[in-house]
Amino acid sequence: MTYTAEFAEIYEFIYRSRGKDWAAEAETLTRLIRDRRPEAASLLDVACGTGAHLATFAGTFDEVAGVELSEPMRATARTRLPGVPVHDGDMRDFRLGRRFDAVTCMFNAIGYLGSVAELRQAVWSMAQHLEPGGVLVVEPWWFPERFLDGHLAVDSDIDGTRAVARMSHTTRTGRMSHLEVRFLVGDAGGIREFTQTSHLMLFSRDEYLGAFADAGCPAEFLDDGLTGRGLFVGQRG
């Protein structure tokens, strides 16, 4: 899916209200990477969104860059981080012509791929951007056995000038999960509503591990992870 400008505008606001802390996550990821590659000095964040993780990575690595498919999200990241390259690219086949000490792909962005073949393409593409011994970290979407069919959630927040309410409902068709989210956004100009529907593939743990292994970047799965879905951490041979 492609994120809209109206979603990019409220993206960080509403997820912070749900407890997401991009800075703390980036610090945790930095420790994981440097535990495996102490000299790591460069990092690429794939599907970097609005650059919320990159903002912290930029202070802990000598050189950082991002890749983002959505134009509104990419524009936000570029405005926020004028000295950081944020490339237009699809995780399945991007080519930057250089390598990094670490590559990350967070917040279940990998789930937007539509098949195991696309998963393998994406992991291969990310691994090709790693230096030998470089670290690849991917945060998965739910595994099939962990997905809650029919799950309903609601969140809201207000900051004095703007209020946002979010209600989501998830369903499942075979290996594909469907996430319908409706937003209400209010400010001095009034109240507007929009809906965002995402389709995310429920890849298995073994499918992720197989993709890493075949990309020459064997991985381990850290069950605790950042947000309850765990983390895959691989290192290129």
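**View 1. Valine 137 of strand β5 and its bridge partner in β11.** In this predicted model, valine 137 has valine 233 of β11 as its bridge partner. Strand β5, residues 130-138, and strand β11, residues 231-235, pair in the antiparallel sense over 4 bridges. Strand β5 is mostly covered, with 7 of its 9 residues buried. Valine 137 is also among the residues with the most contacts inside the largest nonpolar core.

**View 2. The right-handed β-α-β unit of β4, α5 and β5.** Strand β4 (residues 100-105) pairs with β5 in the parallel sense, over 5 bridges. Within this pairing, phenylalanine 100 has leucine 130 in β5 as its bridge partner. Arginine 98 lies over the face of phenylalanine 100, at 4.0 Å from the ring centre. Helix α5, residues 116-127, completes the right-handed unit.

**View 3. Valine 123 in helix α5.** Valine 123 has a relative accessible area of 1% and is therefore buried. Apart from neighbours within four places in sequence, valine 123 is in contact with Leu136, Ala211, Phe212 and Ala215. The C-alpha atoms of valine 123 and alanine 215 are 6.7 Å apart in space, although 92 residues separate the two in sequence.

**View 4. The largest nonpolar core, with 44 residues.** The residues with the most contacts inside this core are Phe7, Ile33, Phe57, Val137, Phe183 and Leu231. At least two core residues are supplied by each of α1 (5-17), α2 (22-36), α3 (52-60), α4 (71-80), β5, β8 (176-187), β9 (190-201) and β11. Helix α1 provides the largest share, 7 residues. A second, separate core has 30 residues, including Met126, Ala127, Ala211 and Phe232. In soluble globular proteins, nonpolar side chains tend to be buried together.

**View 5. The surroundings of phenylalanine 183.** Residues up to four places away in sequence are not counted here. Phenylalanine 183 touches Phe7, Ile10, Ile14, Val164, Ala165, Arg166, Arg192, Glu193, Phe194 and Gln196. Phenylalanine 183 also belongs to a cluster linked by ring pairs, together with Tyr3, Phe7, Tyr11, Tyr15, Trp22, Phe107, Tyr112 and Phe194. Lysine 20 lies over the face of one ring of this cluster, that of phenylalanine 107, at 3.9 Å from the ring centre.

**View 6. The ring pair of tyrosine 208 and phenylalanine 232.** The count of aromatic pairs in the model comes to 18. In this one, the ring centres are 4.7 Å apart and the planes meet at 25°, so the pair is stacked, the limit for that class being under 30 degrees. The pair links distant parts of the chain, with tyrosine 208 in helix α6 (residues 205-214) and phenylalanine 232 in strand β11, 24 residues apart. Tyrosine 208 counts as buried because its relative accessibility is 1%, and phenylalanine 232 is buried with a relative accessible area of 0%.

**View 7. Proline 85 in the loop between α4 and β3.** The loop leads to β3 (86-88). Proline 85 is partly exposed because its relative accessible area is 40%. Leaving aside neighbours within four places in sequence, proline 85 is in contact with Val64, Ala65 and Gly66. Proline 85 and alanine 65 are 20 residues apart in sequence, and their C-alpha atoms are 5.0 Å apart in space.

Terms used
Residues numbered from 1 in each chain as written. Predicted model: local features only at pLDDT ≥ 70, side-chain atom pairs only at ≥ 80, totals over all residues. Heavy atoms only, no water. Buried < 20%, exposed > 50% of the residue type's maximum accessible area, 1.4 Å probe, protein only. Pairing = 2+ DSSP bridges. Right-handed = clockwise from strand over helix to strand, strands pointing away. Core = buried A, V, L, I, M, F, W, Y, C linked by side-chain atoms within 4.5 Å. Contact = heavy atoms within 4.5 Å. Phe/Tyr/Trp six-rings, centres within 6.5 Å; stacked < 30°, edge-to-face > 60°. Lys NZ or Arg CZ within 6 Å of the ring centre and 35° of its normal.
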